[in-house]
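Thank you all for making the time this morning. Please have the sequence and the structure open while I talk, and stop me if anything is unclear.

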Amino acid sequence: MKSKLALFLLFLFVFSAFAIVEEDDKEGKVIVLAIDGGCIKGIVPGVILKHLEVALQKRNSRARIAEYFDVVAGTSTGGLITAMLTTPDPQNPGRPLYPADEILQFYRQYGPSIFTLFTDC
């Protein structure tokens, strides 16, 4: 129960912090998305990012997470998520290739085999 509450509070914090900076209020500010590591637990920020992207798509149906941040960085599995969020689409280089929900698909499909290779996870 505590982990569900912590996840919910984290989601509220990320969403409310993001919602504070509107486009017209952004001048002179750098918006940073930092994604923590944690091996297969990368699925947790994946869930949060998926929900954040769905919320953004209520404003703009084609929204992608990376388009709303000036800097996206991560450690360990957060770096893997960062790469997936910021990889440019070869057909449209100004647009990210992967939507956030594909991160969850990736972790579900490949996570168990990738992270069993590491003993410190």
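Let me begin with a question about the packing of two helices: in which crossing, right-handed or left-handed, does α3 pass α4? I will come to the answer in a moment, after placing these helices in the chain, and I should say at the outset that what you see is a predicted model.

The protein has four helices and four strands, and, read from the N terminus, its elements follow the order α-β-α-β-α-β-β-α. Of its 121 residues, 29% count as buried, and among the contacts with a separation of 6 or more, 68% are between residues that lie 24 or more positions apart.

Most of what I have to say concerns helix α4, which covers residues 101-115 and therefore has 15 residues, with 20 Å from its first C-alpha to its last, close to the 21 Å expected at 1.5 Å a residue. Along the way there is a kink of about 45 degrees at Q109, shortly before the proline P112. The buried residues of α4 are I103, L104, Y107, G111 and F115, and the elements that cover them include α2, residues 43-57, and α3, residues 77-86.

Now to the opening question. A pair of packed helices is described by the angle between the axes and by the distance between them. For α3 and α4, the angle is about 140 degrees and the axes are 12 Å apart, which makes α3 oblique to α4. As for the handedness, α3 passes α4 in a right-handed crossing. On the α3 side, the residues that take part are T77, L80, I81, M84 and L85, and they meet E102, I103, F106, Y107 and F115 of α4.

What, then, is the arrangement of α2 and α4? Their axes come within 8 Å and cross at roughly 155 degrees, and the two helices are therefore roughly antiparallel to each other. Here the crossing is left-handed, and the contact is made by I43, G46, V47, K50 and E53 of α2 together with D101, I103, L104, Y107 and R108 of α4. You will notice that I103 and Y107 of α4 are named in the contact with α3 and again in the contact with α2.

One residue of that contact deserves a closer look, namely G46, which is found in helix α2. G46 is buried, with a relative accessible area of 0%, and, leaving aside its neighbours within four places in sequence, G46 is in contact with I103 and L104. The C-alpha atom of G46 is separated by 9.4 Å from that of I35, a residue 11 positions away along the chain.

I35 also brings us to strand β2, where V72 is found. V72 and I35 are 37 residues apart in sequence, but their C-alpha atoms are 7.8 Å apart in space. V72 is buried, with a relative accessible area of 17%, and, not counting residues up to four places away in sequence, V72 touches L33, I35, T82 and T86.

Finally, is S76 buried or exposed? S76 has its place in the loop between β2, residues 71-74, and α3, and S76 is exposed, with a relative accessible area of 56%. Its backbone is worth checking on your screens, since most residues other than glycine have a negative phi. S76 is not a glycine, and yet S76 has a positive phi of about 55 degrees.

To close with the two helix pairs, α3 passes α4 in a right-handed crossing, whereas α2 passes α4 in a left-handed one. I am happy to take questions.

Technical notes. Residues numbered from 1 in each chain as written. Predicted model: local features only at pLDDT ≥ 70, side-chain atom pairs only at ≥ 80, totals over all residues. Heavy atoms only, no water. Bend = angle between axes of the 7 residues up to and from the residue. Buried < 20%, exposed > 50% of the residue type's maximum accessible area, 1.4 Å probe, protein only. Contact = heavy atoms within 4.5 Å. Axes fitted to C-alpha atoms, helices over the stretch in contact; angles between N-to-C directions. Parallel < 35°, antiparallel > 145°, perpendicular 65-115°, else oblique. Left-handed = near helix turned anticlockwise from the far one by under 90°.
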